[in-house]
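Colleague: Mind walking me through this one? I'd like to hear how each label is earned.

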Amino acid sequence: MRSSLETTQSGPRLPIDIDTVKGFMDPAEGRALYDAALACAPRGPCLEIGAYCGKSALYLGAACQAAGGVLFSVDHHRGSEENQPGWDYHDAELWDEAAGAMDTLPFLRTTLRLARLEEVVFPVVGRSALIARVWATPLSLVFIDGGHTLEAALADYRGWTPHLMAGGTLAIHDVFPDPADGGRPPFEIYQRAMASDLYEEVLAVKSLRILHKL
Ligand code: SAH
Ligand code: MG
């Protein structure tokens with residue numbers, strides 16, 4: 001029997017071809033996310049901010065499934081600033097004509113259905129800060145990959161890290177120490193976490209940082 005824990009040189013064995021899922025997750029970063037979730041998931045639910053079409057959810061969700069855990073995947077599904085028409089990361093296929101807005105939720109659902117992860121990954125649709133405010137379940141892993149404005153990144157950090165259990169994992173995507181490589185807000189919340197003395201860095205893979213909450 002094929003074990004879901006099996007990994008190949010290119011990363012964990014996933015239920016569907018990762019290249020068929022639209023998104024912004026490098027394979028090496030995805031593998032690190034998978035390993036982090038595999039270790040955390042037995043202790044409590046994992047949660048990501050920024051589902052988009054389910055690329056990171058596929059890595060995290062496959063690990064949660066292997067570990068007998070679950071993943072909540074938060075997104076308002078209207079896209080970040082850079083996903084809007086006229087911006088660099090706009091994808092016209094994700095435009096909902098009737099809504100006059102982006103809608104990535106149908107794509108996430110298709111990813112989860114094809115990957116048979118609907119009993120493991122639970123989409124939570126809405127603005128991250130509003131959901132964080134009423135959230136009450138301790139989390140074993142929080143992955144911040146939502147909006148890149150300072151307001152959104154700070155709201156994610158302030159809103160979700162209090163729900164992270166001691167010994168849990170905080171992962172942050174799009175951390176670019178050199179401003180020439182990308183926007184600063186994810187780097188700023190990473191710096192804030194490191195300055196707080198509540199976290200120690202365990203891994204840096206490309207723009208992904210994985211921190212351990214003490
Ligand atoms: N993790 C994804 C990429 C996420 S892109 C992958 O692996 O491909 C960032 C996502 O964050 C977008 O889908 C956008 O809709 C969402 N987002 C941005 N700001 C948000 C906010 N304030 N609340 C909820 N979702 C938000
Ligand atoms: Mg990202």
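Modeller: Start with how the chain holds together: of contacts between residues at least 6 apart in sequence, 69% join residues at least 24 apart. Contact here means heavy atoms within 4.5 Å. Bear in mind that this is a predicted model, where local features need pLDDT of at least 70 and side-chain atom pairs count only at pLDDT 80 or more, while totals for chains, interfaces and linings use all residues. Residues are numbered from 1 along each chain as its sequence is written, chains are lettered from A and ligands numbered from 1 in the order written, and side-chain values use heavy atoms, leaving out hydrogens and water.

Colleague: What makes the protein chain as compact as a globular protein of that length?

Modeller: First, the protein chain has six helices and 11 strands, counted as DSSP runs (H or I, at least four residues, for helices; E, at least two, for strands) and numbered from the N terminus. Its radius of gyration is 16 Å, close to the 17 Å the globule rule gives for 214 residues, so the chain is as compact as a globular protein of that length. The radius is taken over C-alpha atoms, and the rule is 2.2 Å times the number of residues to the power 0.38.

Colleague: Which atoms are called protein donors of the magnesium ion (ligand 2)?

Modeller: Asp 145 (OD), His 173 (ND1) and Asp 174 (OD), lying 2.0 to 2.3 Å from the ion. Donors are N, O and S atoms within 2.8 Å of the metal (3.2 Å for Na, K and Ca); water is not among the atoms, so sites may look incomplete. Asp 145 sits in the loop between β8 (139-144) and α5 (150-160), and Asp 174 in the loop between β9 (164-172) and α6 (185-195), so the pair ties together parts 29 residues apart in sequence.

Colleague: Are Asp 145 and Asp 174 buried or exposed?

Modeller: Buried means under 20% relative accessible area, exposed over 50%, partly exposed in between (1.4 Å probe, protein chains only). Asp 145 has 15%, so it is buried, and Asp 174, at 13%, counts as buried too. Gly 182, in the loop between β9 and α6, has 22%, so it is partly exposed.

Colleague: What is notable about the phi of Tyr 52?

Modeller: Most residues other than glycine have a negative phi. Tyr 52 has a positive one of about 55 degrees, although it is not a glycine. Tyr 52 is buried, at 11%. His 77 also has a positive phi, near 65 degrees, and is buried at 1%.
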